[in-house]
Amino acid sequence: MRLLQLLFCISVWIAVPNAESQTNLEGSAITFSEDREVIKGNPGLWGEIESYYTFLEPPLETIDLITIPSEQTEWHFFDMSLLQLDAFLGSAGVTPQQHSALMDPSRIFSNGEHHRLFPTPEVITTLSSASRNTIYRVLGQWEENPFHHKPFFIENPNLSQWFYGTGLETSQLQSIARLVYGSSNSGLLFSDLPYLLRDIESGSEEKKLLTALCRVRTLVPRIRISDSDNFENIARYWTSGYRNKDILPVMESVIKTEGVEMLDIAHLLPPTPRKHLFTFPGTNEGVSGRYPDWLWTSINFFNFIPLSRYADSTSGTEYFHKNYVPIPAPEQFGDLILVRKESNGEFLHGCIYIADDIVYTKNSASLFSPWVLSRIKNLIPLFSRFGKLEVIAYRLEVDAP
Amino acid sequence: MNRIFPILLTVFGLVAPCGAQTAFPSAVEPGLNPKLVKHCQPGAWGNLEYYEIILEPPTDSLWSSLLSEVSVWPFADSTKEEALEELKNAGFSPDMITEASENGIWSNQGRGMAFTPSDKFIENSNSKQRIALLELFTKADPNFPNRVLMNVEGADLSIISHGIAPETLKVLESVTFMKNGTLSFFDRPYLLRKMPTLETKQNLIRAISRTKGLVVRLSVDPTSNLDGLADYWSAGGNNRSILPLLHGIRATSRVSKIDIVHLLPPTAKKYLNTFTRDSDMMPDDSPDCFWTCMNFFEKNPSNRVMDTLSLGHYINEDFKMAQPPLRFGDLCVIYERSNGAFVHSYVYIADDIVFTKNGMSSLRPYALTEASQMLSIYEPDSDRYLEVYRRIPDS
C-alpha cells in the first residue's frame, strides 16, 4: 500500500535513463539461476497474500505466426534529410568509426526523407548503452522498426534468472546482455533479434529463441484467510460491493473449513478474468474482428458476458466515460488504474487493481500478450519509453451495469 | 431436455475409476491442516491432493417459489376418487385415506388434480409410502423430481447439519427416504412451515442445497514428468491453453503445488464453483449436467446444447467411444440399463475426481467432486451402465 500511496501522491515521472545497463553477466562464467523469491505482501483488507513468479511462454502455434526477420539489422529513419540523419547520429554519441560505418553510402538506401540503414554487426555490438538508448528510442517512433517500436521487455536485470529454463545458450545470453538497453531500474529492452539470428542454424533454434524472448512474467498469488474473525471484512473486500458475489460460496466454505488457510487467488477472481488468467489469447478471441486489449480486459473484469469495447474505439471511450468515476487512488478490488502520457493525456494502458500492489493486466492486444497478474512497480516501466507518465485511478460507478 | 439416445455398443461397469487413497508422502504446505488433505492415486495426471469445500447457493439466488410453504402433490388427470385409490394402492391405511380426503385440499385449476396434504398426513407417511408417492408424482408430472425432489449428497445428513438446529434436522430426517442408495425428500414446503423466520427458512434452503466441491492441487517436484503432465492435462490437444503455464512451471522449480483451476479449459475455469446465472437460462431450460459436459472444452459455452436434439447430434462427429484408462476431459454418460434412458453425465478429470453440475437446478454449482460423492444422488444401487466418449481434437 505504501508503494501505491507513493505512486499516487505525486505525478509519476519515469523516464528511460541513460544509465549503463547492468546485468549480472560478468565474465563468461554464467550459471543460470531462477528467481526463488517468495513475495510476502503487505497485509490489508484483502488478508495476506503470498506470491511467486513464474513465466508464460506463447504456444508454438503463436510463435509460428512470427515472420522471422533477416539476420541483417535494418533501421528506418523518416522525416529527415541525410544531413540531419548524420547530425543525429553524431549527437547520439557514436564513435567516429561507428559514425563512418553507419553513414557508409553502400549501406544506406535513401528515398527522399526515408532512409534505410544496415548497420554492421560490429556497430550493433559496440554501441555504448547511451548511444543505443538514444538511437533506439528514436527508431521506436516508427513501426517500420518493429523490434524498436515494440521491443522485447525484460523485467529482471538478472538475465540468468529471467531466461532460466529457456534452453538458451550461454553465448546467446551474453549477446543479449551486451545489447539490452533501458535501465536496470525500470526494465531492460531488447531490439536486436536480427543480430542474434546470425548464429542460429535451425528453425527449431529460432523458435526456441523467439519463445524465450516472448516470455512474460506473472505472479501466482495465494491468499491466507485464516482469520475467521475478520472474514466479513475480507469477504467484503473480495466481493467488491457484491459485484463479485460468485466467489462468496468458496470463501465462506474455506473459512468454515477448519485448517484451510491458503487459497489460490484464481478462486477469488470474477468468472471472466478467471477464465483468461495465465492464458494467451487464441484465434477464437478475434472472431469479432478485434483481439482483447487493455480496455477490453479492464471494463469486462466484472462482466460475466464480455462486451466488445476497445481502447481505440469510440464505443470503448464512451463506455469508460459513462461508467467510471475518478478516485484519488486505487484501494478497492476491481478499481481501474490508467497510465497516460503526461504531455498529452494519451492513455497508454489500463489494468485492474487486485490487492496490495498486484494488478490484473493484459499489456497489449497482441496474441503474444497473456492475461497476467503483475506488480505495479513491474508494470509501469513497460511504458516508461513513452516519457513522463501519469498514473490515475477510476472506479466503476455503483449503478453501472 | 428431450434426448434420443442411440443404442450403445460398449458397456463399462458403473464403478468409479479408482478410489482416493493416501498414496505418497508429501509435505503439506503451511496453512493447510494435513488431516484435511486427501491424496489421489498417482497416475498420468501426476500427484494430486485435495480437500473438500462445501458450496452453498448465495441467499440472493434463492427465488421466491423455493420458499413456498404450500405442498402440491400432482395427480394429473385423476379425479379425487381415483387419486385416493392411488394413495390406497401406495400403501396408505384407511385412516390416512380419510385424513387425505377430509383434511387435504384438492384442487384442479386446469393443470390437473393437485393435492395439498395436511401436516398430519405428511408426518404419518413412512419411507416406503414416500417412495411410492414419488413414483406416482413422477408419473403424473415427469418434471416433479427436477422441481421438487432433493437428494442428499453422500446419503448422509451431516452435510446439512452445520448451522441447522438439531430439532430441525430431526424433522428433516423424518421426511427422508432411501431409494436405490440415494437419500431423498420432497417435503420442502412442510419443512419451511416449521421454520419461524424468513432467515431460518433461507438458511434451511441453503443447507439442504449444499454440494461438496474440491480444491485440488497438482504437486510438482524435480522428479515430475512434466512432458507427461502436459500430455495428460492438454487432453490430446483439446486443452492447449494451459500449456504456457505448465511450461512456466517447468522453469520454476520452486513451484511445488499448482491449483488445478489453472489446468481446466477456459469455460470450466470460468464456471468452477459458481451457480447458474440468469444470463445462462432459457425460458424452458437451464444449464444441466449435459450442458456442462458439452461445453467443457468450448472456448465459449453454447446454449445450442439446450435445444431439443438427439444425443447423436452432439457427439457423433465430435466424439469417439473411449476405452479405459479414462483421460482428462472424457465425457461420461450414465444410462438406465432397462431402457437406455439418459440419467446423468459428467466430465472425468483424474483418478476419482470429476467435474459436474448435478441437475439443472440453479441451486447446484459447477464443481469438482469425487465420483462416488456425485453418484450418491443418482440412485447408485440402480441397474445402470456407463459410456465414455472422448472428444476428437480440433473437432
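In this predicted model, let's start with a helix pair in chain B: the axes of α10(B), residues 226-233, and α11(B), residues 243-250, come within 10 Å and cross at roughly 165°. Since angles over 145 degrees count as roughly antiparallel, α10(B) is roughly antiparallel to α11(B). The crossing of α10(B) past α11(B) is right-handed.

Which residues make the contact between these helices? From α10(B) you get B:L226, B:L229, B:A230 and B:W233, while α11(B) brings B:L243, B:L246 and B:R250. Sorted by class, this α10(B)–α11(B) contact has six nonpolar residues, no polar ones and one charged residue.

Staying in chain B, have a look at B:R111, which sits in the loop between β4 (105-108) and β5 (113-116). Is B:R111 buried or exposed? It has 11 other C-beta atoms within 10 Å, and a residue with 12 or fewer counts as exposed, so B:R111 is exposed. If you track along the chain from there, B:N126 is 15 residues away in sequence, and the C-alpha to C-alpha distance between B:R111 and B:N126 is 28 Å.

Now for how the two chains meet. On the chain A side, 44 residues are in contact with 39 residues of chain B. Four elements of chain A each put at least two residues into that side: β2 (48-56), α13 (248-256), β10 (262-264) and α14 (271-276). The largest share comes from α13(A), with seven residues. As for chemistry, the side of chain A that touches chain B divides into 19 nonpolar, 12 polar and 13 charged residues.

Chain A also has an internal contact to look at, between its two assigned domains. Domain 1 is made of two segments, 34-57 and 217-396, and domain 2 covers 75-214. Their C-alpha centres lie 33 Å apart. How many residues does each domain give to the contact? Domain 1 of chain A gives 10 residues and domain 2 of chain A gives 12 residues. On the domain 1 side, the split is three nonpolar, two polar and five charged.

Here are the class counts for the three cases, side by side:

| Set of residues | Nonpolar | Polar | Charged |
|---|---|---|---|
| Side of chain A that touches chain B | 19 residues | 12 residues | 13 residues |
| Side of domain 1 of chain A that touches domain 2 of chain A | three residues | two residues | five residues |
| Contact of α10(B) with α11(B) | six residues | no residues | one residue |

Key:
Residues numbered from 1 in each chain as written. Chains lettered and ligands numbered in written order. Predicted model: local features only at pLDDT ≥ 70, side-chain atom pairs only at ≥ 80, totals over all residues. Contact = placed C-beta atoms within 7 Å. Nonpolar A, V, L, I, M, F, W, Y, C, P; charged D, E, K, R; others polar. Domains from an automatic or database assignment. Axes fitted to C-alpha atoms, helices over the stretch in contact; angles between N-to-C directions. Parallel < 35°, antiparallel > 145°, perpendicular 65-115°, else oblique. Left-handed = near helix turned anticlockwise from the far one by under 90°. Buried ≥ 20, exposed ≤ 12 C-beta atoms within 10 Å, placed from the backbone.
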